[in-house]
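Q: Could you take a close look at the salt bridges in this one and walk me through who pairs with whom, and how buried the partners are?

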Amino acid sequence: MPISPTSAKAADRLLTVDEALEGILSRIRPLGAREVPLLDAIGRTLAADVVADRDVPPFRNSAMDGYAVRGADVATAPVRLKVIGAVAAGAMPERSVGSGEAMRIMTGAPMPDGADTVVRVEDTDNADDVVTVTAATTKGVSVRRAGEDLQQGTTVLPKGTLLRPAEIGVLASLGVPKPLVIARPRVAVMATGDEIVEPTEVPGPGKIRNSNSYSLASAIWTAACGPWMRPVVRDTPDSLRAALRDAMEADAIVTSGGVSVGDHDWVKPVVSEMGRIDVWAIAIRPGRPLAFGELYSSQGAFDAGPVRPRDPAPPSTPGHVGGRTVPIFGLPGNPVSALLTFELFVRPALLKMSGRTKLFRPRAQAKLLDPIDKPAELRLFARGIHDAAAGAVRLTGPQGSGILRSMSLANCLLDLPEGPERFAAGETVTVILTDHPEDH
Ligand code: AMP
Ligand code: MG
């Protein structure tokens, strides 16, 4: 069928960054839940509410080293009180405190009955038999209520909570050694290209070292996912096919290179055989082209001979019926483009897969210090150094898509929209704070 000028035009239309991202996120679902040891739960999201089974702290206790007393006795100072004993953390008080009496008490020790106030040791003469309180002390101070941190029966951490160090501590104090969390995505990383050698090798003529597998694996790691390094794939359909078949055990696959329209770019045709893939021309610089697709397999059929073409899963059902669907991100080979498209498209997808609800980095407005020229039809993500105190941003230097140093110097991306061809120094621009955790 001849292609009409209209359809040719439609095919030429560049996809916006937001359209591509929406297309990707609509196909991604959170992984299943599993119980993991507490220390493995850092960076995961809770798959069920956590309810306090007891009060924390479980008993009234002292917040200071000092003397447990009756508040009425220390409203004025100086005052002398009879010391009737001592209680240390981990012990129980042997008697109650009456009027005119004091009990030595250590931080964390249970409060004796009768006492409602702790006088700090610094506000006394620290004596053993009769203590002199030298500063008036307000009734009730330095006493921690039972349940003042966490109350029995309340939902302390709702389902969906991202577990950071503080939440891990809360789980420990509630006696939850194996929280139920969304599984950590295991993400296969593979570089493609006949020119690529490993960093341990001295590159021969025409060869370059593999940086993408390492930067991408690290980006996967910092997205709290598990990178699974795969060997470099050569530019033949057979080696790519075999590599993808092996990598299908992963929850997602990230490739770099081989998505252009060069003679040796095999990602699109090979993934099409094993599932479906779209190679997008996105209105972005750097980062064109980008591919996103899905590999389909029946359960346990990984080694059942050559992979046959399969029908694409219907758009309404993200899971392929009776088998697995493994999302695949075909990133460009240029080191800056690979890492930048990971940040913009893959990281939010992996976070969604991890059960996170906040998928996007914080943004800020900043005064541009360097002028920037850009193609009007593209959205440019320039690498910048943001000075939050000054509210200003400057470029990291040369911005070529092969200049990885532009990324390593950067603490933000300047998000320069389609439309303008030039941003002048002094203009206000939007920056994406890529060193900060997602906030929306
Ligand atoms: P491609 O997308 O395969 O055409 O590659 C685009 C450019 O990125 C070429 O200059 C490649 O040599 C380079 N490149 C591809 N893969 C890698 C890699 N793993 N590490 C570093 N550079 C790469
Ligand atoms: Mg290549």
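A: Let's fix the burial terms before anything else: buried means under 20% relative accessible area, exposed means over 50%, and partly exposed is in between, with a 1.4 Å probe and protein chains only. Bear in mind that this is a predicted model, where local features need pLDDT of at least 70 and side-chain atom pairs count only at pLDDT 80 or more, while totals for chains, interfaces and linings use all residues. As for bookkeeping, residues are numbered from 1 along each chain as its sequence is written, chains are lettered from A and ligands numbered from 1 in the order in which they are written, and side-chain values use heavy atoms, with hydrogens and water left out.

Now the salt bridges. The term covers a side-chain nitrogen of Lys or Arg within 4 Å of a carboxyl oxygen of Asp or Glu. Searching the whole structure turns up 18 salt bridges.

Start with Arg379 and Asp18, whose side chains form a salt bridge at 3.5 Å, N to O. Arg379 sits in strand β23 (residues 379-387) and Asp18 in helix α2 (residues 17-25), so this pair ties together parts that are 361 residues apart in sequence. (Helices, H or I with at least four residues, and strands, E with at least two, are DSSP runs numbered from the N terminus.) How buried are the two ends? Arg379 has 12% relative accessibility and counts as buried, whereas Asp18, at 46%, is partly exposed. The pair also belongs to something wider: Asp18, Arg363, Arg379 and Asp415 are linked in a network of salt bridges.

Next up is Arg27 with Glu294, a salt bridge at 2.9 Å, N to O. Here too distant parts of the chain are linked: Arg27 is in the loop between α2 and β1 (33-35), Glu294 is in strand β19 (residues 290-298), and they are 267 residues apart. Both ends are buried, Arg27 with a relative accessible area of 12% and Glu294 with 1%.

Last in this tour, the side chains of Arg95 and Glu101 meet in a salt bridge at 3.1 Å, N to O. Its ends fall into two burial classes: Arg95 is partly exposed at 41% relative accessibility, while Glu101 is buried at 15%.
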